[in-house]
Amino acid sequence: MEHTVVVRAPGRVNLIGEHTDYNAGLCLPVAIAASTTATATVLPAGPSRLTSAQQDQTWEGTASDAAPGLVSGWAAYAAGVLWALEQAGYAVPPLELHVDSTVPLGSGLSSSAALEAAVAVAAVTAAGLTLDDTLRRSLIAVCRQAETEVAGAPTGGLDQSAILLARPGRALLLDFADGSAVHVPVDVRAAGLEVLVVDTRVSHALTDGGYGSRRAQCEQAAGLLGLTTLREATLADAATLADEVLGRRATHVVSEIVRVEQAVEALRAGDWDRVGGLFTASHVSLRDDFEVSCAELDLVVDTALEAGALGARMTGGGFGGSAIALVPATRAEAVRRAVDTAFARAGLAAPGHLDGTPSAGAGPVDPVTPSR
Ligand code: GLA
């Protein structure tokens, strides 16, 4: 029977724990309100057809037409999921699928993973499956496979895990050493605070070389230390690396994993000043040791701190994208205005402002409805 499903998959903000996922480390993301909606209608036969409100390119084909090397552009992420679903053994019916997104592209807020998750959840829901925890975990792997193998972006898994597992009012403590995910309450509003998200509008792309080169340096550092991953390293180990750059890369990863643990403790204790301090320390480490920040991200962080933020940091892969600031609700408007003014003074295009309130992970928004 022909039927239509509508699903929503959010963007994500990583509160802390950056460039740690591919080092078997810890991350602490939340899902945000900005999201991608996918509307899928099961077709009686024939190829699937994918369209997007944000893209001109329409993609039409079967799952095998989206194998690695055959698709490019946005369709690599969307159709790539259909291919990865088939690889994982899911029987997805032919679909007419349309996506529409409020996650700004290239903003470091995981527009790509939101697209992948929206397509994946729409496809399995249209196939009649129930989105339980086991299926969510399996879709994380499917979305990652589409992104790494079809779109060619060597992502570490943080984004897909955040988007598929997040819950409203909770951050997700992800441990990439054992695959565990623990929901940690983060009631910023009750504490009189807000998480501001500022999109610098400097486009960030994982397919650029910077992300891949950081991954390679981390692997090299671990190898030189005789370790499988930097998760097993200590700060003292990092200090023994003769190569100064590798030493700083390892120092960031090791110290960042500790900061995630400390941030979770501080959140549980309601110690927001400490959370803010850890955000800022994370930014300094990403800026100076890992070298993935940029002038615009630094400007947001410095301005937010001067205007009264408890802490601020770049979020996501870096090299552009977005920054977050933890601010007293009473200062939120002043911080946003200060950032706008600083950007205008620096001759930069106006930044975007989004809400970082922890929201729900990907899922159907409507019951399955018969159509026509
Ligand atoms: C990007 C990647 C993630 C993660 C972050 C940095 O968002 O997709 O896997 O590595 O960068 O923390």
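**Exercise 1. The second largest pocket**

Task: In this predicted model, how do the residues lining the second largest pocket divide by class? Then place the pocket among the secondary-structure elements.

Solution.
Step 1. Sort the lining by class. The second largest pocket has five nonpolar, five polar and five charged residues in its lining.
Step 2. Fix the extent. The lining comprises 15 residues, and the pocket's volume is about 200 Å³.
Step 3. Assign the elements. Two or more lining residues come from each of α3 (133-150), α4 (158-165) and β7 (170-175). Helix α3 gives the largest share, with three residues.
Step 4. Look to the centre. I140, R144, S161, F176 and G179 are the lining residues that lie nearest the centre of the pocket.

**Exercise 2. The enclosed space**

Task: How many cavities of 30 Å³ or more does the model hold? Which residues line the largest cavity, and what is their class?

Solution.
Step 1. Count. There is one cavity of 30 Å³ or more.
Step 2. Give the volume. The largest cavity holds about 40 Å³ of space.
Step 3. List the wall. L15, V186, V188, V195, W272, F279, L326 and P358 line the largest cavity.
Step 4. Classify. This lining has eight nonpolar residues, with no polar and no charged ones. Set that beside the second largest pocket, whose lining includes five polar and five charged residues.

**Exercise 3. Around the ligand**

Task: Which residues come nearest the ligand? Which polar side-chain atoms lie 3.0 Å from a ligand oxygen?

Solution.
Step 1. Take the surroundings. The ligand has 14 residues around it. E18, H19, D21, D159 and Y211 come nearest.
Step 2. Check E18 for a polar contact. One of its polar side-chain atoms is 2.7 Å from an oxygen atom of the ligand.
Step 3. Check R12. An N or O atom of the R12 side chain sits 3.0 Å from a ligand oxygen.
Step 4. Check T155. A polar atom of the T155 side chain is also found 3.0 Å from an oxygen atom of the ligand. The answer to the second part is therefore R12 and T155, given a polar-contact cut-off of 3.5 Å.

**Exercise 4. I16 and R259**

Task: Where does I16 lie, and is I16 buried or exposed? Trace its contacts to R259 and L278.

Solution.
Step 1. Locate I16. It is in the loop between β1 (3-14) and β2 (26-27).
Step 2. Judge accessibility. I16 counts as buried because its relative accessible area is 0%, and the cut-off is under 20%.
Step 3. List the partners beyond four places in sequence. I16 touches C27, L28, E256, R259, V260, A263, L278, F279, S282 and R313.
Step 4. Follow L278. I16 and L278 are 262 residues apart along the chain, yet 8.2 Å separates their C-alpha atoms.
Step 5. Follow R259. This residue belongs to helix α7 (residues 244-268). R259 is buried, at 9% relative accessible area. Beyond four places in sequence, R259 is in contact with I16, H252, L278, A281, S282 and S285. L278 and S282 thus appear in the contact lists of both I16 and R259.

**Exercise 5. Two buried helix residues**

Task: Which helices hold G80 and H283? What does each residue touch beyond four places in sequence?

Solution.
Step 1. Place G80. It lies in helix α1 (residues 74-87) and is buried, with a relative accessible area of 0%.
Step 2. List its contacts. G80 meets A66, A75, A146 and V150.
Step 3. Add a distance. L70 is 10 residues from G80 in sequence, and 9.5 Å from C-alpha to C-alpha.
Step 4. Place H283. Helix α8 (residues 272-288) holds H283, which is buried at 1% relative accessibility.
Step 5. List its contacts. H283 touches S293, L297, D298, V301, A312, R313 and M314. R313 is also a contact of I16.

**Exercise 6. Positive phi**

Task: What is the phi of R201 and of F319? Where does each residue lie?

Solution.
Step 1. Recall the background. Most residues other than glycine have a negative phi.
Step 2. Take R201. Its phi is positive, about 65°. R201 lies in the loop between β9 (193-199) and α5 (209-224). It is exposed, at 52% relative accessible area.
Step 3. Take F319. Its phi is also positive, near 55°. F319 is in the loop between β10 (311-315) and β11 (322-328). F319 is partly exposed, with a relative accessible area of 29%.

Conventions: Residues numbered from 1 in each chain as written. Predicted model: local features only at pLDDT ≥ 70, side-chain atom pairs only at ≥ 80, totals over all residues. Heavy atoms only, no water. Helix = DSSP H or I, 4+ residues; strand = E, 2+ residues; numbered from the N terminus. Buried < 20%, exposed > 50% of the residue type's maximum accessible area, 1.4 Å probe, protein only. Contact = heavy atoms within 4.5 Å. 1 Å grid on protein atoms, 1.4 Å probe; cavity = no way out; pocket = protein on both sides within 12 Å on 5 of 7 lines; lining within 4 Å. Points joined across faces, edges and corners; volume = space filled by probe spheres on them. Nonpolar A, V, L, I, M, F, W, Y, C, P; charged D, E, K, R; others polar. Near = heavy atom within 4 Å. Polar contact = N/O pair within 3.5 Å; in protein donor to acceptor, adjacent residues only side chain to side chain.
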